[in-house]
Amino acid sequence: MYDFKPTAADPAELYRDLLAAADALTDGEPDGVANMANVAALLWEFLPDLNWAGFYRVGPAKTGGGDELVLGPFVGRPACIRIPFGKGVCGTAAASGATQLVADVHAFPGHIACDAASASELVVPVVRDGRVIAVIDLDSPSLARFTEADAAGIEALAAMLGPRL
Ligand code: SME
């Protein structure tokens, strides 16, 4: 049994503990789906005030003609399965390779509302060999839920996961 309990109040310490738990669960495990599933569960357990936490992976578009984002392991309500590069918050993160910290999703042009409860969002690209291979997506029902400390913590997590997905 794995019993990772978030106890830290300070964000830097919380993310240190989250990273240590994610490292312990994914180190030496070559199955990327298993690793994403466990990390989605950890994000849900460690971070308060979320309504969705999980992954979109880069994969071939269903209709051909390049890649798009495809839903991966997550915790939350059922979500949009495919997101074209450049669309919504996730597609913008994937196309630009840059973290998207969105205080109010309704003010984000092209935001894709999978769950009407979402008010703010943090999306961080996962990069391997210089290419975006996935994004980590966190949604919250509260406006401006995510801070620069959250972005830095999730970026550190994404850097660790790059070779493990
Ligand atoms: N809101 C996202 C879509 C994914 S869901 O939040 C799970 C977006 O605009 O890309």
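Colleague: What makes the pair formed by an oxygen atom of the ligand and a backbone atom of Val 89 a polar contact?
Modeller: A polar contact is a pair of N or O atoms within 3.5 Å. The ligand oxygen is 3.0 Å from a polar backbone atom of Val 89, so the pair qualifies. Mind you, this is a predicted model, where local features need pLDDT of at least 70 and side-chain atom pairs 80 or more, while totals for chains, interfaces and linings use all residues. Residues are numbered from 1 along each chain as its sequence is written, and side-chain values use heavy atoms, with hydrogens and water left out.

Colleague: Which polar side-chain atoms lie by the ligand, and how far off?
Modeller: A polar side-chain atom of Asp 139 lies 2.7 Å from a ligand oxygen, and an N or O atom in the side chain of Glu 121 is 3.1 Å from a ligand nitrogen. Taken alone, the ligand exposes 310 Å², and the protein buries 99% of that (Shrake-Rupley areas, 1.4 Å probe).

Colleague: What makes up the shell around the ligand?
Modeller: Counting residues with a heavy atom within 4 Å, 13 surround the ligand, Val 89, Cys 90, Ile 112, Glu 121 and Asp 139 being the closest. They divide into eight nonpolar, two polar and three charged. Helix 3 (a DSSP run of H or I, at least four residues) gives the largest share, three residues.

Colleague: Why is the link of Cys 80 and Cys 114 called a disulfide?
Modeller: The cut-off for two cysteine sulfur atoms is 2.5 Å; these are 2.2 Å apart, so the name fits. The link is left-handed, with -120° about the S-S bond. Both cysteines lie in loops, so the pair ties together parts 34 residues apart in sequence.

Conventions
Polar contact = N/O pair within 3.5 Å; in protein donor to acceptor, adjacent residues only side chain to side chain. Helix = DSSP H or I, 4+ residues; strand = E, 2+ residues; numbered from the N terminus. Nonpolar A, V, L, I, M, F, W, Y, C, P; charged D, E, K, R; others polar.
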